[in-house]
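Please look at the ligand site in this model. The report below covers its contacts, its surroundings and one annotated region.

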Amino acid sequence: MEESTIAKQNKNVPVLPWMRSPVDVSKFEECLLDILPCLDPRLKMALQNMGFKTLFPVQLAVWQETIGPGAFERDLCINSPTGSGKTLAYALPIVQMLSTRAVKHLRALVVLPTRDLALQVKQVFAAIAPAVGLSVGLAVGQSSIADEISELIKKPEHEAGICYDPQDVLQELQSSVDILVATPGRLMDHITTTKGFTLEHLCYLVVDETDRMLREAYQSWLPTVLKLTRIYDENLMPGVNNFLPFASGSLKTIRRCGVERGFKGKSYPRLVKMVLSATLTQDPSKLAQLDLHHPLFLTTGQGRYQLPEKLESYKLICASKLKPLYLVAVLQHLGGEKCIVFTSSVESTHRLCTLLNFFGDLKVKIKEYSGLQRQSVRSKTLKAFREGEIQVLVSSDAMTRGMDIEGVRNIINYDMPAYVKTYVHRAGRTARAGQTGRCITLLRVHEVKRFKKLLQKADNDSCPSYSIPSSSVESLHPFYLSALEKLKETVQSETSRKAKVGPKFSRVSKGEKKSLEE
Ligand SMILES: Nc1ncnc2c1ncn2[C@@H]1O[C@H](COP(=O)(O)OP(=O)(O)OP(=O)(O)O)[C@@H](O)[C@H]1O
């Protein structure tokens with residue numbers, strides 16, 4: 001074997017021993033719900049109401065390790081391509097496990113990096129959990145904290161005229177939800193300030209988009225959650241309440257230290273963790289933050305990065321200054337099919353979207369979606385895009401992760417992604433759930449070689465050129481010149497407005513802008 005091939009192979013071998021013998025999800029087939037062992041008939045009906053007839057391979061593989069023979073004995077690390085159905089892969093077993101609970105407590109927590117993503121995941125839980133009497137809550141800061149608290153915490157009903165000891169009242173506060181989907185910031189708000197919010201009964205912790213979640217501290221949410229769920233019963237370990245500076249009565253956990261399946265010294269019942277991504281990190285120091293218990297790695301195929309099976313990747317080579325013309329020509333060629341155009345920054349997203357809208361009658365509605373905008377504007381745009389009122393979304397990398405929008409058939413990388421991970425997540429907004437889709441990347445000549453190498457990391461050796469007749473590009477020149485003039489004027493007036501009222505960024509916090517740019 002050639003030395004370079006050996007070096008390449010070694011580079012792909014994970015450092016962590018448990019990652020070297022994974023469960024290969026590609027060996028699993030889709031499984032009809034009718035023959036899925038142990039599935040609660042109420043959940044089967046809920047899935048059928050969603051239009052699902054089978055479980056996808058990753059969902060079946062996880063089912064086996066949770067409800068099946070695996071019996072949730074190990075924490076699961078799941079690396080599976082975009083659009084392969086990871087959300088239901090964790091939602092279904094968790095809901096089935098909690099379906100037998102007698103008393104309502106917060107027992108499952110799912111943490112995701114953005115509000116839009118959390119909303120999406122909550123909808124999946126909300127489609128199945130009520131079928132077995134479970135409630136799902138959302139903590140993302142969409143509404144005021146007071147409204148959110150009243151959704152999450154049930155207050156005792158007091159009889160008129162009777163005075164209660166506030167300490168007793170605190171004891172009576174109860175969770176209104178069994179499952180909580182949260183972003184880290186709002187989760188921390190509830191942990192530190194919401195009376196009655198407790199993780200003491202938590203059985204399942206899901207960290208979705210794990211590599212992104214581990215890249216940023218997000219107010220130390222992960223060590224805080226892990227500490228809270230590790231605190232032993234006060235009687236067993238006196239003084240434990242001094243452990244956290246802000247620990248209030250409602251925060252303490254009554255997890256007991258016990259012997260569980262040979263893992264002496266671990267608290268019992270053990271908190272089961274499921275961590276997922278389409279580009280799961282293999283970095284031991286990053287994974288160590290999760291404090292995984294006897295982890296099991298589930299991955300698809302051999303390569304570290306996998307693209308969806310029915311994704312077609314194309315390149316379109318053009319000179320830098322002609323990129324807007326080529327983009328418009330491609331959009332015209334796609335004839336109004338739903339499309340997301342990715343750029344490298346929030347600023348270029350704004351400029352490009354403004355320019356496209358000056359191009360005259362493109363017969364498609366184009367809007368921007370980026371960290372430059374307020375959350376309310378972004379949510380409105382996303383809704384319109386989902387509903388088909390907008391056909392083209394120009395986006396910064398805020399859209400790359402996890403978002404599932406029906407009918408997106410095309411992705412255009414206006415700017416070449418710098419990393420294979422970014423390509424995987426951007427391209428993964430199409431070709432989801434076994435559908436077809438295409439990803440077209442605009443390249444300058446000097447980028448072609450680098451792009452080829454980038455795709456090879458995702459086991460993709462075939463990236464044909466996307467052909468656009470030069471006549472359709474040439475005919476756009478006059479429109480381009482006039483659009484450019486208008487863009488210049490707009491940029492000037494925006495700059496002078498910014499100078500008067502402060503930068504547009506002032507409406508978006510620094511942290512939010514950073515996280516939205518990935
Ligand atoms: N068993 C199923 N049958 C039919 N459709 C399904 C099934 N499971 C999931 N889907 C659909 O597949 C799509 C992708 O699912 P999901 O968003 O969970 O993918 P993902 O693997 O989390 O992707 P990403 O890595 O991009 O976050 C969704 O539209 C979902 O409704």
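## Polar contacts to the ligand

In this predicted model, a backbone N or O atom of Gly-85 lies 3.1 Å from an oxygen atom of the ligand. Thr-87 approaches through its side chain: a polar atom there is 2.7 Å from a ligand oxygen. Arg-429 also uses its side chain. One of its N or O atoms is 3.0 Å from an oxygen atom of the ligand.

How much of the ligand does the protein cover? On its own, the ligand has 640 Å² of accessible area, and the protein covers 85% of that.

## The pocket and its shell

Where does the ligand sit? It occupies the largest pocket. Two elements each give two or more residues to the shell around the ligand: β3 (54-55) and α4 (86-98).

The ligand is surrounded by 19 residues. Thr-54, Lys-86, Thr-87, Asp-404 and Arg-432 are the closest. Sorted by class, the shell holds eight polar, six nonpolar and five charged residues.

## The annotated C-terminal region

UniProt, in an unreviewed entry, places the feature "domain: Helicase C-terminal" at residues 326-476. The annotation comes from that record and may be inferred rather than shown by experiment.

What is the helix and strand content over residues 326-476? The chain there is 36% helix and 15% strand. The end C-alpha atoms of this stretch are 9 Å apart.

How values were computed. Residues numbered from 1 in each chain as written. Predicted model: local features only at pLDDT ≥ 70, side-chain atom pairs only at ≥ 80, totals over all residues. Heavy atoms only, no water. Near = heavy atom within 4 Å. Polar contact = N/O pair within 3.5 Å; in protein donor to acceptor, adjacent residues only side chain to side chain. Areas by Shrake-Rupley, 256 points an atom, 1.4 Å probe, with all protein chains shown as cover. 1 Å grid on protein atoms, 1.4 Å probe; cavity = no way out; pocket = protein on both sides within 12 Å on 5 of 7 lines; lining within 4 Å. Sits in = over half its atoms within 2 Å of the grid points. Helix = DSSP H or I, 4+ residues; strand = E, 2+ residues; numbered from the N terminus. Nonpolar A, V, L, I, M, F, W, Y, C, P; charged D, E, K, R; others polar.
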